[in-house]
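Work through these exercises with the structure in view. Try each task before you read its solution.

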Amino acid sequence: LDVYEQPQKDHTYFMCADVSRGTSNDYSAYLVFDVTQVPYRIVAKFRDNEIKPLLFPQKIYHVAKAYNQAFVLVEVNDIGEQVANALQYDLEYDNLIMASMRGRAGQVMGTGFSGGKVQLGVRTTKAVKKIGCSNLKQMIEDDKLIIEDLDIISELSTYIVKGQSFEADEGCTDDLVACLFMFAWTCDQTYFKELTD
């Protein structure tokens, strides 16, 4: 865990988590963003390629609690659902972000009371990734997101176009970038704008 800024009173924090299987070729990672004002800053980063999905929710829980009960968004594609469920039902964490499928509108972020097929966390679909990557590019170019972390910068430098999508270059990882584009996707959601005023 790298901490760049200690939690500050009355600040709003947002955390995005990307879950892996813990088999050392892929990283489980999360980033904590200070979303109190623009430009957003990354205040903490966690990245581990050997942590098991059973232990990961604990790590998320303690840091999220420390950062003023940060809002937590978990990527639930593969094994992430297990982590989101553990946070919700075992650790009873309150500020877990949910998303619901809304047909043509795709996934919409919310509290889970809006109807539609609701899940804990967000499923990374082509649409989410496309919007997220596009927003991320815009945010970085407009200085709306400050990145001061070497690991993230090196991952961004090997994040390339592959067909109609983006992914890490051969032999590289993109787990921190996944957290970034999830956050960038989030910034476009109405619910996020309400949370952060």
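**Exercise 1. Find the order of the strands in the open three-stranded sheet, and say which strands stand at its edges.**

Solution. This is a predicted model. Step 1: read the order across the open sheet, which is β7-β6-β8. The pairing is antiparallel. Step 2: count partners at the edges. β7 (107–110) and β8 (117–120) each have a single partner strand, so one side of each has no neighbour in the sheet. Step 3: look at the twist. On average, neighbouring strands of this sheet are turned by 30° against each other, direction ignored. Step 4: follow one pairing. Strand β6 (residues 98–101) and β7 form four bridges in the antiparallel sense. In one of these pairs, M101 has Q107 of β7 as its bridge partner.

**Exercise 2. Decide whether Q107 is buried or exposed, then list what its side chain reaches.**

Solution. Step 1: place the residue. Q107 lies in strand β7. Step 2: apply the cut-off. Buried means under 20% relative accessible area. Q107 has 7% relative accessibility, so Q107 counts as buried. Step 3: find the polar partners. The Q107 side chain makes a polar contact with the side chain of Q119 at 2.7 Å. The Q107 side chain also reaches the backbone oxygen of R123, at 2.5 Å. Step 4: widen the view. Leaving out residues up to four places away in sequence, Q107 touches a set of residues including A99, S100, M101, V122, T125, V128, W185 and Q189.

**Exercise 3. Trace the strands that pair with β4, and give the sense of each pairing.**

Solution. Step 1: recall the rule. Strands of a sheet pair through backbone hydrogen bonds, either parallel or antiparallel. Step 2: take strand β1 (residues 2–3). β1 pairs with β4 in the antiparallel sense over two bridges. Here D2 stands opposite K45. Step 3: take β3. β3 and β4 are antiparallel and share seven bridges. F33 has I42 as its bridge partner in β4. A hairpin of five residues joins β3 to β4. Step 4: take strand β9 (residues 145–146). β9 pairs with β4 in the parallel sense, over two bridges. Y40 stands opposite L145 of β9.

**Exercise 4. Name the buried residues of helix α1 and find what covers them.**

Solution. Step 1: list the buried residues of α1 (residues 56–66). They are F56, P57, I60, Y61, V63 and A64. Step 2: consider the spacing. An α-helix has 3.6 residues a turn, so residues three or four places apart point the same way. Step 3: look for the cover. The elements over these buried residues include strands β2 (13–18), β3 (28–34), β4 (40–48) and β5 (71–74). Helix α2 (80–90) is also among them. Step 4: look past the helix. N68 follows α1 and has a positive phi, near 50°.

**Exercise 5. Classify the packing of α4 against α5, and describe the residues in the contact.**

Solution. Step 1: take the geometry. Helix α4 (residues 150–157) and helix α5 (residues 175–187) pack at about 90°, and their axes are 8 Å apart. Step 2: classify. That angle makes α4 roughly perpendicular to α5. Step 3: name the residues. α4 contributes D151, I152, E155 and L156, while α5 contributes D175, L176, V177 and L180. Step 4: sort them. The contact of α4 with α5 has five nonpolar residues, no polar ones and three charged ones.

Notes: Residues numbered from 1 in each chain as written. Predicted model: local features only at pLDDT ≥ 70, side-chain atom pairs only at ≥ 80, totals over all residues. Heavy atoms only, no water. Buried < 20%, exposed > 50% of the residue type's maximum accessible area, 1.4 Å probe, protein only. Contact = heavy atoms within 4.5 Å. Pairing = 2+ DSSP bridges. Axes fitted to C-alpha atoms, helices over the stretch in contact; angles between N-to-C directions. Parallel < 35°, antiparallel > 145°, perpendicular 65-115°, else oblique. Nonpolar A, V, L, I, M, F, W, Y, C, P; charged D, E, K, R; others polar. Polar contact = N/O pair within 3.5 Å; in protein donor to acceptor, adjacent residues only side chain to side chain.
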